[in-house]
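Biologist: Please take me through one strand of this model in close detail, then work outwards from there. Keep it brisk.

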Amino acid sequence: WHPKLLKGQRVLITAGPTFEAIDAVRAITNMSSGKMGYAVARAAIEAGAEVTLISGPTCLTPPTAAKTIAVTSAQQMLEAVNKEIGETDIFISVAAVADYYVLNPSGQKIKKDAHILTLELAPNPDIVANVMNLPNPPFCVGFAAESENLYEFAEMKRRRKNLPLLAANMVQDAIGQEDNELILFDDEGTHPLPRAPKIVLARQLIAHVAKLYHHSGNK
Ligand code: C5P
């Protein structure tokens, strides 16, 4: 670990859940506290990076040294990422983006009655896949939260999204907790990071990102 690992690099991080409105008071969301993404932002700042944090709704205080952009929905997160991505050297997509949004959300609170209520859901854009499809993508890191078959699903996800690095965790080990366990997947194979506070894992992740990033021919 070295405090200058990412000196001068511009790192964009997404964190937290997204929140897809059903009506004026209700939404579909993911269980995500934002703690892992915020820890990654802190670790990147410690490593000397210029950090922009795009965050879905969380109860956390963002690091003061980061430029923070608060968003609600996946569509807003995509728009914020697209605005910032041109200035980005490394993109770390920690956010638990909702897979679907509600078509035609109601502006008013839906009143309950005895009938079955049907919601129509449409798939959200895949933000990290969009970034990887840019003509000159930054170095991209994905996250995967799985509830089973972690190794198989995480490596499939890394290949499908064409990511040089993906950090995977089990939802049972991670969500809302102070500690976590991560497994890093890259072209060399897997690198388990044993159970530790999220900030410790975030520092280890940033060290690994810096190594791959500098080896991939970047300054
Ligand atoms: O949801 P999924 O397991 O596919 O997420 C894997 C990675 O893709 C994560 O890094 C997540 O932030 C990103 N992702 C995204 N946009 C989505 C869904 C996931 O950027 N709509």
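Modeller: This is a predicted model. Start at strand β1, residues 10-15. Five of its six residues are buried, so to speak of β1 is to speak of a mostly covered strand.

Take the partners of β1 in turn. On strand β4, residues 50-55, six bridges tie the two together, and the strands run parallel. One partnership to look up is that of A15, whose bridge partner in β4 is S55. Strand β6, residues 90-93, is also parallel to β1, and four bridges join this pair. Here T14 faces S93 of β6.

Now pick one residue of the strand. V11 sits in β1. V11 has 29 other C-beta atoms within 10 Å; 20 or more make a residue buried, so V11 counts as buried. Its contacts, leaving out residues up to four places away in sequence, are L6, A44, A49, E50, V51, D89, I90 and I92. V51 deserves a second look. V11 and V51 lie 40 residues apart in sequence, yet their C-alpha atoms are 4.9 Å apart in space. A general point helps when reading such a strand: in a regular strand, side chains alternate between the two faces of the sheet.

Step back to the whole sheet. Eight strands make up an open sheet, in the order β5-β4-β1-β6-β9-β10-β11-β12, with mixed pairing. Its edges are β5 (67-70) and β12 (189-197), each of which pairs on one side only. From one strand to the next, the twist averages 15°.

Go to the β12 end. Strand β11, residues 179-186, pairs with β12 through seven bridges, and the sense is antiparallel. Within this pair, L184 stands opposite H191 of β12.

Helix α1, residues 35-46, packs on the sheet. The strands that α1 touches are β1, β4, β6 and β11. The direction of α1 makes about 165° with that of β1. Angles over 145 degrees count as roughly antiparallel, so α1 and β1 fall in that class.

Next comes helix α6, residues 198-215. The axes of α1 and α6 come within 8 Å and cross at roughly 55°. The two helices are therefore oblique to each other. Their crossing is right-handed. From α1, the residues that meet α6 are K35, M36, A39, V40, R42, A43 and A44. From α6, the residues that meet them are K198, I199, A202, R203, L205 and I206. By class, this contact holds nine nonpolar residues, four charged and no polar ones. A44 links two parts of the picture: A44 is among the α1 residues that meet α6, and A44 is also touched by V11.

Finish further along α6, at A210. A210 has 24 other C-beta atoms within 10 Å; the cut-off for buried is 20 or more, so A210 is buried too. Neighbours within four places in sequence aside, A210 is in contact with L5, L6 and A47. L6 brings us back to the start, as L6 is also one of the residues that V11 touches. A long stretch of chain is spanned here as well: A210 and Q9 are 201 residues apart along the chain, and their C-alpha atoms are separated by 9.8 Å.

Key: Residues numbered from 1 in each chain as written. Predicted model: local features only at pLDDT ≥ 70, side-chain atom pairs only at ≥ 80, totals over all residues. Buried ≥ 20, exposed ≤ 12 C-beta atoms within 10 Å, placed from the backbone. Pairing = 2+ DSSP bridges. Axes fitted to C-alpha atoms, helices over the stretch in contact; angles between N-to-C directions. Contact = placed C-beta atoms within 7 Å. Parallel < 35°, antiparallel > 145°, perpendicular 65-115°, else oblique. Left-handed = near helix turned anticlockwise from the far one by under 90°. Nonpolar A, V, L, I, M, F, W, Y, C, P; charged D, E, K, R; others polar.
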